[in-house]
Structure formats: C-alpha cells, structure tokens
Amino acid sequence: MIRKLIDLIAGNAVPAIFIIISAFAIPLSGFSASYLVQELLTRIGRNSFLILSLLIPIMAGMGLNFGMVLGAMAGQIGLLFIYDWGVVGIPGMVLACLIGTPIAIVLGVFCGAVLNRAKGREMVTSYILGFFINGVYQLVVLYLMGWVIPITNPTLLLSRGYGVRNAVSLVGIRGVLDNLIPAVISGTTQTGQFLSTQGSGAFLMFQLPFFDGTIRIPLATLLLIALFCIFIVWFRKTKLGQDMRAIGQSQSVSDSSGIPVNRTRIIAIVISTVLACYGQIIYLQNMGTLNTYNSHEQAGMFSIAALLIGGASVSRASIANVFVGVILFHLMFIVAPMAGKNLIGEAQIGEYFRVFVSYGIIAIALVLHAWKRNREREASRRSLRGNRGGR
Amino acid sequence: MINRFIQNAGWPRIIIALFLLGLFIAAPFVGVRVDTSLSNTLVRFGMNGVMVLAMIPMVQAGCGLNFGLPLGIIAGLLGATLSIEWNVEILARLIELGAQYKISWLNEAFITTWREPIGFASAIIIAIPIAVILGWLYGKLLNRVKGDEMMIATYVGFSSVSFMCIAWLLLPYKNPTMVWGYAGRGLRTTISVEGYWLHVLSDALSVNINGHLYIPTGMLIFFAVMAIIVWIFMRTKTGTAITAVGSNPEFARASGVNVDKMRTISVIMSTVLGAIGIIVYEQSFGFIQLYMGPFYMALPAVASILLGGASVNKATILNVIVGTFLFQGILTMTPSVINSYLQTDMSEVIRLIVSNGMILYALTRKVRAGR
C-alpha cells in the first residue's frame, strides 16, 4: 500500500513538484478563487486543443512534435485570409480552418518526410524544422502577401504596401466559439444572496453557494475539446492507431509484420499538424489578436511544457496528462508574476521564473527519458550477456 | 574532378558560396562598396569565429552539435561583468603585487597604459574556471543521455539562460555603469564595455586602408591562436582519444579509452571556448548583452560550422573558417545589397532560412558510420 503510494508519487514527480510550488505561490499572489477559476477555465479552453495535437506523434514513438508550430502557422495564414475577406463569426472560423487544412497537410507531409530521414533524432529535427518553416512563413507573410498573393484590405498591410502588419486584431471572430453557448456560474454576494444573472443573456446558468462573483464558461470550446478527446480514444482503437502504437514500440518489428512504417509516421505528423492548425485558430479566437510573427513561436514551447508538467514523458502521454498539465502550468503562469512581486517586490522575477520553469521542465523531462532509456538498453544488453557479465 | 569537388563540398554549400559571390559582384552596381563589405565580413568573422570553434570538440567526441553553447556564453558573461565590477580592485591589486615582489615593470605607469588589455584578460581569466565547472556538470549530464544530446543541450541552454535572467536581477553588482540607475540594483540589459576593454583585440595592430578597408588584425590573430590551440589539442593523445570516442565508442572502450571522461573533456573544452568566444564578440561589438541576449546564439554558430562542411559527427578547423566566412558574409551582404536593390530588409528572413536550412540538411543527411 505504502509502496504503491511511493510509486505513484515517484511516477508523477513533475506534477507533484508543481502542486507544491502552486500551493506556496497561490496564497502569495493574493488572487481570489473565482478569479483563478475563471482564468483557468479560459486557458483550458484556449490551450487544450493545441496540447492534444501532440498526443498522436508521441503514440507513434516520434517524441514531442516540435513541428506543431507548422500547423500553427497554417492556421494563422487561414486567419489572415478571412480577415482580408471580411468573413466573421463562426463561418469565418470554419473558413479559416478550411484554408488552413490543405496548408497544414502539405507542411505535415513535408515534416513527416524530413523526420523519416532523421530517425532517432526526430525532436531536434522537428525543432529546427519549426525555425526553418518560420523563415519561409515570414518570407510569405512579410514579403509575398500583398505583392504576389493579393490582399485587398489595406488595414492588414504595412504602410509600404506589402507585408502583413505585426499585430492583427481578430475582432471579427474574437470569442465567437467561447460565447457560442453562453454559460455562467454565479456565486453569492457578500451578504449571502445569489447574484442575479438575469439579463446577462446566458443560455445556461449554474449557481453555487460560498463563491464570489460570476464565472463565464467557454462551453462550446470545452465541448469541442471533449469531442476531440473522444476522437483520440476512438482513434487509438482503429487499425491506424494500433499500427502507430506498434511502431512506437518497435519500428523493425512493425516493419517485418507488414506495417508501412514510414507512411504511418507521416500520417501521424500530418494529423498532428492539422490539429495544431485548428488548435491555433481556437487559441487565437480566444486571444482576439494575432501577433503575426510571434504567436506561433510560443504555441509549441508552451504546449510542450504544459504536457510534460502534466506528467507525460517523451514516449507516453495520456489525455489526463493534457488537462493536469494545462491546469498546473497555467496556474503558475497566472500566479508567478504576482507571487514574485509580493515576495521580492519585482514582478519581473516571477516572470523570469515562469520562463525558467517552462524550459527547465522540458529539459528535465528529456533528461529523465533519455536516462531511463539508456539504463534499459544497458540492462537488456547485460541480460543478453548472461549473469557472468554482471558488473 | 568537378564532380568530386561537388560531392565533397555538397550542393547547399556551393549554392550558398555562389550566392555570396553573386552578392559581392552585384554590390558595386547598387552602390555598395566592396571593400567596406569585405571589412565588415572580416570583423564579423573575427567576432564569431571562436564561438564556432567551440563546436569542434563536442562534434569530434560524438556529442553532436553543441546547442548548449549558451551555457558557455553565460560563463563568458559572468567573466565580462565581473571584470568590469572588479576592474578598479584588479588594477590596484596588480600594482600592489608589483610592489610586493619587487617586479620593477609592474608599476602604476605600466598598469595605466595596459589597463584595457588587463581588463580583457581578467574577463577571460575569470570566465574560464566558471566555464570549466559548468562544462564539467554539463558533460556529466550529457554522459547520461547519450543519443539525445542535441535536444537536451538545447534545453539546457535555454533553461540556463532563463535562470540567469533571475540571477542578473538579484546578483549584488554595484558598478553604476552596469546596474539600473533608478533601482540601484539589477544589471542592465545591455552594458557598454567602453572605457573597459572596447575593441582591445579589434584595434590592436589593425590596418586601415583609404578609410574603407579595415582589417581587425588583432582579433584575427587571436582567432588564429585559438584555432591553432584547438588544432594542436586535437592531435595530442587526449585529442586523438576524443576523436576515437566520436568515431566508434565501442572500439574506443575496447582499446582502453575512458569514453565518459573523454566526452566530459570535450564538453568542458567547448564550454570554455564558448566563454572566450563571447568575450571576443563583446569587445568588438561594444556591448555585453544580458538576459535573453544569449538565447539563440547557438544557432548561428551551429549553422556556420555546418555551412563550412562539418557533419553531425565530424568537424575540422577548415570547416570553421570556411563556414564562418560564408555565413557572416551572407549576413553582411544581404542587408546592404538586397536592401538597396529591393528597398527592404530581407536579411533576417534569409538568415533564418539559410541557417536553419543548413542545420536541417546536416541532421537529415544519411550518416555513413552509425554512432
């Protein structure tokens, strides 16, 4: 029993550390519970889809897909076009997805093909590939748009007549998915009365006692994410999903049992890229502003850090890891600057701490994974040698 | 003959070399002086050369490309900032030592004339032990993660840079030229080295012809000295053992080489060279860039050595020289030439595509001998 408990904690050391950090940082930050819950709900809706897109390549044994930024860029190109054409609301989002999908598929096939040439170092390759495609993306968006690619809306372009501006306001689709099904949780006021939610236009209302303020729930986004989780669960059981898991276990065995390894790996990356494209569109409809040259860069790093904080490893990740990760990571995201300010008197320190933790956690997760794999390799070699080699 | 040359050099390298040549030819037609461009290229070559050189030991030892270069850079930054912080004390202490041990030439006049080179040397002397310690730890870490070095190196670099962001704010630096004026603590994001060791190497023995062609002789000599040191080191017994470990670890172990020790030595050496490299860079650039400054500094260095023809597990001094010259040449020429032609600054985009394209090319190349 105690052994099991120790195993549980040891197996989930990273989330455990984060829970402890949060336990100290939350009181220090001085934020109210309703504020935190509201922020967390928003961020779950905003980020989960992006993080979920990482699961399938992990299943196929390709590690963390740093190439997901390719999909994010495809999504952004879709968003730039709908802005230019003035399509707003849900139709705008759908159109952005439709434009983004073929771009994401092409980029995904390219990424998959490149990764097949770099087996064994997929992560570093996909990471550099992200930078490379970022260069191509900048070439397209900063020079070709408005020059070769027709852009009619002058507010999208830089004053020189071509190239997209640095920040694009996505006011047309801002929050359309989040507010599609308005839902509100309302708490009690200080005197113990339930807050009135009449006139808030909410479609669904929940009332909870012992709770201050109101919380808006991005219900439609959460439903979409739930649907997507079901898709992943179903996908694992399909022939393709099983093939991917087999490849994740051993490429050579899969190959000899007739699974087209390279093709399946490309499919895994394509799915991931397309989903990252949708994820980025969902993310940006919540943010409401597109930082043309930065938004995608952060997407990859933050998603990967969140997934790892949720207890995933390079070779194993579940849906639960995604949600635990997004909650813990963003909890720290919210409270760290305030906690830093209240503790040392400088918000900048909390901010740097957060950046440090995001990178540090990726580093630690990668180290633990490689370490474990090397130990297993050593152990299996020793077992082949028999007992006599028991150094 | 031509075919063999192409095969040896590789298509990407030839295309980029031709592109650079084209830029130099096109330069006069768009009103860019070739001699100015050439001296800019030389200055940048000298600035970055040592950091590119830092790639060699780790590549040769089979640790892959040192994406963790920022760790060495941090050691260099510590050395640089401490040399400024303690500048007065160091100079005073040297005069004291001269008096104490009756060294007649080590007097006040000597120190005053040579205060800038002494400051520069003190930066390097402070940086080296820090780099050795960090490199040793980093090497121990990389020994445990064989096969995944590059990805982990990247994130070791990133996390150390972001950790140092906190440290730069909290470390008790006092020198008013370095700390924020209003708070009185916390280092500034960029610190000028003017008055300490600005251009000590660049301007030493520098040649200036007709006001346009400037050759930073001192910096180039320094690079040459470092290159020769690395060249000699790679030919010593230890260096040969390092190369053996990189080419075939099993074979190296069978012939009695301590694989982990050799890898650690190579990582320490890489880190030390990175530390020296950034100090050389700063004395020419004129500023110490702290906080997120060193974040992406590994990528240009990695791209340079690959552009010079190195692969993930083999690199020579020639690769460093050719690669740094080509890479820095393109960085210098594209803004000036292409901008005057197209009236826009495409250099950043070209840099991104060329440098990362080069790294991708190297990573996806089928390596003949398995590691």
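These questions and answers go through a predicted model of two chains, A and B.

Q: Why does chain B count as agreeing with a compact globule?
A: Chain B has 371 residues, and a compact globule with that count would have a radius of gyration near 21 Å. Chain B has 21 Å, so the two agree. The C-alpha trace of chain B spans about 65 × 60 × 45 Å along its principal axes. Of its 371 residues, 50% count as buried.

Q: What makes chain A as compact as a globular protein of its length?
A: The globule rule gives 21 Å for 391 residues. The radius of gyration of chain A is 23 Å, which is close to that, so the description holds. Along the principal axes, the C-alpha trace of chain A spans about 80 × 60 × 45 Å. Buried residues make up 47% of the 391 residues in chain A.

Q: Which secondary structure elements build chain A and chain B?
A: Chain B has 16 helices and four strands. Chain A has 14 helices and five strands.

Q: What share of the contacts in each chain joins residues at least 24 apart?
A: In chain B, the share is 76% of contacts between residues at least 6 apart in sequence. In chain A, residues 24 or more positions apart account for 71% of the contacts with a separation of 6 or more.

Q: How many residues does each chain bring to the contact between chain A and chain B?
A: Chain B brings 30 residues and chain A brings 35 residues. On chain B, helix 8 (115-144), helix 9 (149-170) and helix 16 (347-364) each supply at least two residues of the side that touches chain A. Helix 9 of chain B gives the most to that side, with 13 residues. By type, the side of chain B that touches chain A divides into 19 nonpolar, eight polar and three charged residues.

Q: Why are helix 3 of chain B and helix 13 of chain B called roughly antiparallel?
A: The axes of helix 3 (residues 34-53) of chain B and helix 13 (residues 259-285) of chain B cross at roughly 165 degrees. Angles over 145 degrees count as roughly antiparallel, so helix 3 of chain B is roughly antiparallel to helix 13 of chain B. The two axes come within 7 Å, and the crossing is left-handed.

Q: Which residues make the contact of helix 3 of chain B with helix 13 of chain B?
A: Helix 3 of chain B contributes B:V43, B:G46, B:M47, B:N48, B:V50, B:M51 and B:L53. Helix 13 of chain B contributes residues including B:L273, B:G274, B:I276 and B:F285. The residues of this contact divide into 11 nonpolar, five polar and no charged.

Q: What makes helix 11 of chain B and helix 13 of chain B roughly perpendicular?
A: Their axes cross at roughly 110 degrees. The range for roughly perpendicular is 65 to 115 degrees, and helix 11 of chain B and helix 13 of chain B therefore earn that label. The axes of helix 11 (residues 237-247) of chain B and helix 13 of chain B come within 9 Å. B:T238, B:A241, B:I242 and B:V245 of helix 11 meet B:V259, B:M262, B:R263, B:I265 and B:S266 of helix 13 in chain B. This contact divides into six nonpolar, two polar and one charged residue.

Q: Why is B:Y291 called buried?
A: A residue is buried if 20 or more other C-beta atoms lie within 10 Å of its own. B:Y291 has 20, so B:Y291 is buried. B:Y291 lies in the loop between strand 4 (287-289) and helix 14 (298-307) of chain B. B:Y291 has a positive phi of about 55 degrees although it is not a glycine.

Q: How do you know that B:H199 counts as partly exposed?
A: Buried needs 20 or more neighbours, and exposed needs 12 or fewer. B:H199 has 19 C-beta neighbours inside 10 Å, so B:H199 counts as partly exposed. The loop between strand 1 (190-192) and strand 2 (207-209) of chain B holds B:H199. B:H199 is not a glycine, yet has a positive phi of about 60 degrees.

Q: Why is B:I125 called partly exposed?
A: B:I125 has 13 other C-beta atoms within 10 Å. Exposed means 12 or fewer, and buried means 20 or more, so B:I125 is partly exposed. B:I125 lies in helix 8 of chain B. The C-alpha atoms of B:I125 and B:G76 are separated by 9.7 Å, with the two residues 49 apart along the chain.

Key: Residues numbered from 1 in each chain as written. Chains lettered and ligands numbered in written order. Predicted model: local features only at pLDDT ≥ 70, side-chain atom pairs only at ≥ 80, totals over all residues. Contact = placed C-beta atoms within 7 Å. Nonpolar A, V, L, I, M, F, W, Y, C, P; charged D, E, K, R; others polar. Rg over C-alpha atoms; globule rule 2.2 N^0.38 Å. Axes fitted to C-alpha atoms, helices over the stretch in contact; angles between N-to-C directions. Parallel < 35°, antiparallel > 145°, perpendicular 65-115°, else oblique. Left-handed = near helix turned anticlockwise from the far one by under 90°.
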